Every structure is written in structure tokens, then in C-alpha cells.
Amino acid sequence: ALVAVFALAACDETPSDPTEATLVSIAVDASGAKTTYFAGDEFSADGIKVTATMSDETVKEIAKTDYTLSTPDMTKIGEQDVTVTYQGKTATYKITVSAITVESIALDTANVKTNYFVGEEFSAANLVITATMSNNQTVTVKLADAEISAPDMTTAGEKTITVTYGGKSATYKITVSAITVESIALDTASVKTSYFVGDTFTTEG
């Protein structure tokens, strides 16, 4: 009877659970994320997909609240690594930070003096310079920050003014005219205008 009870008890034992799968590695897919930036842009990891490979060869996606990200220096120009960390495992992807450069400049001369006479002083006052940047933003450039060519105001003719900013140039034209006599006027109020034959003519008065 004792042997029978032991055998029955042995049959009731539950087999132990198989070994739980452990984390082997993680991978990051940044194909859906922004990876090119301009200096000063705000970094965003939106769109990355982080997956974990387990010891049983299963692959699962990791929730964004479960992993950590390194913070890239968005003032540093060039390629940088962004590191993803999950349970001691890491994976990286690259971003590129580019300097903001001037793509082109445009000039608004609507309120600028463009007609001069020889000897007058040239002025670019009221010139509006607009720069289009490589990040597609437009900025208004101060006259003091741009290089403006100086025309020869001693000769008449059409002159080209070149404005340069950030390595890009644009031009506008001015006209310098010679000073000529348009008309003359005479004041004869004190001048002798009546003579007798034989009198001597005079312009006095």
C-alpha cells in the first residue's frame, strides 16, 4: 500500500517551466525618422523602430517608453551617432547636422534712390536685402552686414551696384547724369536798353 501511494504522488508532479528567453541584442530602424538637420534644429526620434532579439530567436518591438536615447549636440556640424539603450544593450543610428548657409539674396529697390547727377554722393539707404537660407527660411539682412560696391560718381552713365552677403550676390542699377545747362534767365531791370545812334553798348547794371 505504501508503494502505491508513492507512485501516485510521483505521477501528480508538475514538470518545471522551460527556461525563459533572455535578451540577446537590440536593433534600431531609422528609415522612418528624420536624420538630416540644420544647426539649431530640435532633435526628434519620432519614427524610429527599436526591436529586441531574444535567445529563443523571437523578435519583439520595444515600446519607446522602455528604451533611452542619447542626446546629440545640435550645434555641432557633421555626422553624429544616436545611441539607443535597452536593458544594457545598445544600438546606434546616424544623423547629419548641416550648417545654415545662404542660398540666394534678393533686392527690393522700390524706395532706393537710383537717379543721380555727377558728383552726388551715392547712398543705398532704404535698400531691402532678403536672404533665402539653406533651411528654406528667409531673413532680412541689415545693410551693415552686406557688402555694397561703390560706383564711380565722377562720370555719367548707368552703373551696376553689386550687393554681396554670405557669398551670394545680387545687383541693381543706378543712372548718373551729367550736369547740363537747361536754361538761362536775364534780369535787365538795371541794364541800359535804350540807345541813340553812335552810343556805346554796355552790359553794366
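Visitor: Let's start with glutamine 87: does it count as buried or exposed?
Guide: Keep in mind that we're looking at a predicted model. Glutamine 87 sits in the loop between strand 6 and strand 7. Its relative accessibility is 58%, and the cut-off to beat is over 50%, so glutamine 87 counts as exposed.

Visitor: What is the phi of glutamine 87 near, in degrees?
Guide: Most residues other than glycine have a negative phi. Glutamine 87 isn't a glycine, yet its phi is positive, near 45 degrees.

Visitor: Which other spot has a positive value in a residue other than glycine, with phi near 75 degrees?
Guide: For that one, head to the loop between strand 9 (115-117) and strand 10. The residue there has 53% relative accessibility, so it counts as exposed. Its name is asparagine 126.

Visitor: How many salt bridges does a search of the whole structure find?
Guide: One of them joins lysine 34 to aspartate 41, and another joins lysine 192 to aspartate 199. Aspartate 81 and lysine 94 also meet in one. Searching the whole structure, the count is 4.

Visitor: How many residues apart are aspartate 81 and lysine 94?
Guide: Their side chains form a salt bridge at 2.7 Å, N to O. That pair links distant parts of the chain, with aspartate 81 in strand 6 (residues 78-86) and lysine 94 in strand 7 (residues 89-98). Along the sequence, the separation is 13 residues.

Visitor: And is aspartate 81 exposed or partly exposed?
Guide: Its partner, lysine 94, has a relative accessible area of 44% and is partly exposed. Aspartate 81 comes out at 40%. Partly exposed runs between the 20% and 50% limits, so aspartate 81 counts as partly exposed.

Visitor: How far apart are the closest N and O atoms of lysine 34 and aspartate 41?
Guide: Lysine 34 is partly exposed at 44% relative accessibility, and aspartate 41 is partly exposed at 24%. The salt-bridge rule asks for a nitrogen within 4 Å of a carboxyl oxygen. This pair meets it, with the closest N and O atoms apart by 3.9 Å.

Visitor: Which aspartate forms a salt bridge with lysine 192?
Guide: Lysine 192 is partly exposed, at 39% relative accessibility. Its partner is partly exposed too, with a relative accessible area of 35%. The closest N and O atoms are 3.8 Å apart, and the partner is aspartate 199.

Visitor: On to rings: is the pair of tyrosine 116 and phenylalanine 122 stacked or tilted?
Guide: The rule counts 3 aromatic pairs. In this one, the ring centres are 6.0 Å apart and the planes stand at 45 degrees. Stacked needs under 30 degrees and edge-to-face over 60, so this pair is tilted.

Visitor: What is the angle between the planes of tyrosine 195 and phenylalanine 201?
Guide: Those two also make a tilted aromatic pair, 5.8 Å centre to centre. Tyrosine 195 is partly exposed at 29%, while phenylalanine 201 is exposed at 61%. By contrast, tyrosine 116 and phenylalanine 122 are buried. As for the planes of tyrosine 195 and phenylalanine 201, the angle is 40 degrees.

Visitor: Does asparagine 135 count as buried or exposed?
Guide: Asparagine 135 belongs to the loop between strand 10 (128-133) and strand 11 (138-141). Its relative accessibility is 17%. Buried means under 20%, so asparagine 135 counts as buried.

Visitor: How far apart in space are asparagine 135 and phenylalanine 38, C-alpha to C-alpha?
Guide: Setting aside neighbours within four places in sequence, asparagine 135 is in contact with Phe38 and Ile100. In sequence, asparagine 135 and phenylalanine 38 are 97 residues apart. In space, their C-alpha to C-alpha distance is 6.8 Å.

Visitor: And how far apart in space are leucine 186 and threonine 92?
Guide: Leucine 186 lies in the segment after strand 14 (168-177). It counts as exposed, at 73% relative accessibility. Leucine 186 and threonine 92 are 94 residues apart in sequence, and their C-alpha to C-alpha distance is 91 Å.

Conventions:
Residues are numbered from 1 along each chain as its sequence is written. This is a predicted model: local features need pLDDT of at least 70, side-chain atom pairs count only at pLDDT 80 or more; totals for chains, interfaces and linings use all residues. Side-chain values use heavy atoms; hydrogens and water are left out. Helices (H or I, at least four residues) and strands (E, at least two) are DSSP runs, numbered from the N terminus. Buried means under 20% relative accessible area, exposed over 50%, partly exposed in between (1.4 Å probe, protein chains only). Rings of Phe, Tyr and Trp (its six-membered ring) pair if their centres lie within 6.5 Å; planes under 30 degrees apart count as stacked, over 60 as edge-to-face and the rest as tilted. Contact means heavy atoms within 4.5 Å.
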